[in-house]
Amino acid sequence: MRGMETSVILSDGSRCLLRSPGPEDGEAVLRHLRRVAAESPYTAFLPEELAGTLREEQAFLKGQLASPTRLMLACFVEERLIGLGGIGPAAASRKCRHRAELGLSVRRRWWGLGAGTFLVEALCREGAHMGYQRMELSVMADNVRAIALYETCGFVRCGLLPDAYRTEAGSQAAVLMSKAI
Ligand SMILES: CC(C)(COP(=O)(O)OP(=O)(O)OC[C@H]1O[C@@H](n2cnc3c(N)ncnc32)[C@H](O)[C@@H]1OP(=O)(O)O)[C@@H](O)C(=O)NCCC(=O)NCCS
């Protein structure tokens, strides 16, 4: 699915354009994911796990644009990709097709300027247009920044999955969050 193109002024005054990334953005998307995984302990993946080729990433992005149930949105400041978010089915079965799962990342240099909020709000809006009725996510329990952002956007905590992530720092629970859209 291709999302609507929108823009917003971030709190430092820079203009941020939101649009769905296509195959032509493959290199920027891969670079973003690798850098975010290196900058933050809170991604679900390690930088070395992002070993896919540019061609594979381009095919993936093409598939996302063609899919009726999946959507990605990227934030660009002066044509530089600074944030990325996506939604897709939370589960494959028809009984669960009202539920979408959300993922999100912003480059550290742009944290705290509103880009994360802009992405979550746009993903919830687009998700509702796509027919989803609930948005869900799981987040590491000590990722206070992300949890605060999701609560500001209307998500509520609905459970705790113990020992969900194992990092060098130890085991971490996942906070499960959900929002009706
Ligand atoms: C979580 C993340 C996406 C937030 O993006 P962001 O662009 O910084 O988000 P925003 O600027 O919109 O800030 C949103 C909220 O974060 C919270 N926040 C900001 N700084 C904070 C801090 N130091 N401590 C706690 N909460 C904080 C606030 O609630 C803020 O909202 P407000 O400024 O309106 O009060 C970003 O930090 C990130 O990509 N982190 C690494 C990857 C990650 O954790 N992804 C989420 C996995 S589930």
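A residue counts as buried here if 20 or more other C-beta atoms lie within 10 Å of its own.

**Figure 1. The whole chain, with its helices and strands.** Welcome to the overview, which shows a predicted model. By the cut-off just given, 28% of the 181 residues of the chain are buried. The chain holds four helices and eight strands. Starting at the N terminus, these elements follow one another as β-β-α-α-β-β-β-α-β-α-β-β. The radius of gyration is 16 Å, close to the 16 Å that the globule rule gives for 181 residues, so the chain is as compact as a globular protein of that length. If you like to think in boxes, the C-alpha atoms fill one of roughly 40 × 40 × 35 Å, taken along the principal axes. Contacts also reach along the sequence: among those between residues at least 6 apart, 61% join residues at least 24 apart.

**Figure 2. The open sheet of eight strands.** Follow the strands across the sheet and you meet them in the order S1-S2-S3-S4-S5-S6-S8-S7, with mixed pairing. At the edges are strand S1 (6-9) and strand S7 (156-167), each of which pairs on one side only. From one strand to the next, the twist averages 25°.

**Figure 3. Strands S1 and S2 side by side.** Here we zoom in on one pair of neighbours. As a reminder, strands of a sheet pair through backbone hydrogen bonds, either parallel or antiparallel. S1 and strand S2 (residues 15-19) take the antiparallel sense, over four bridges. To find your place in this view, look for Ile9, which stands opposite Arg15 in S2.

**Figure 4. Helix H4 across two strands of the sheet.** Helix H4 covers residues 144-152 and lies across strand S6 (134-140) and strand S8 (170-180). Relative to S6, H4 runs at about 160°.

**Figure 5. The shell of residues around the ligand.** The ligand is surrounded by 23 residues. Tyr42, Trp111, Gly116, Thr117 and Ala148 are the closest of them. Several elements share the work of building this shell: strand S5 (99-106), helix H3 (115-129), S6 and H4 each supply at least two residues. H4, already met in the previous view, gives the largest share, six residues. Sorted by class, the shell has 13 nonpolar, nine polar and one charged residues.

Notes
Residues numbered from 1 in each chain as written. Predicted model: local features only at pLDDT ≥ 70, side-chain atom pairs only at ≥ 80, totals over all residues. Pairing = 2+ DSSP bridges. Axes fitted to C-alpha atoms, helices over the stretch in contact; angles between N-to-C directions. Contact = placed C-beta atoms within 7 Å. Near = placed C-beta within 6 Å. Nonpolar A, V, L, I, M, F, W, Y, C, P; charged D, E, K, R; others polar. Rg over C-alpha atoms; globule rule 2.2 N^0.38 Å. Buried ≥ 20, exposed ≤ 12 C-beta atoms within 10 Å, placed from the backbone.
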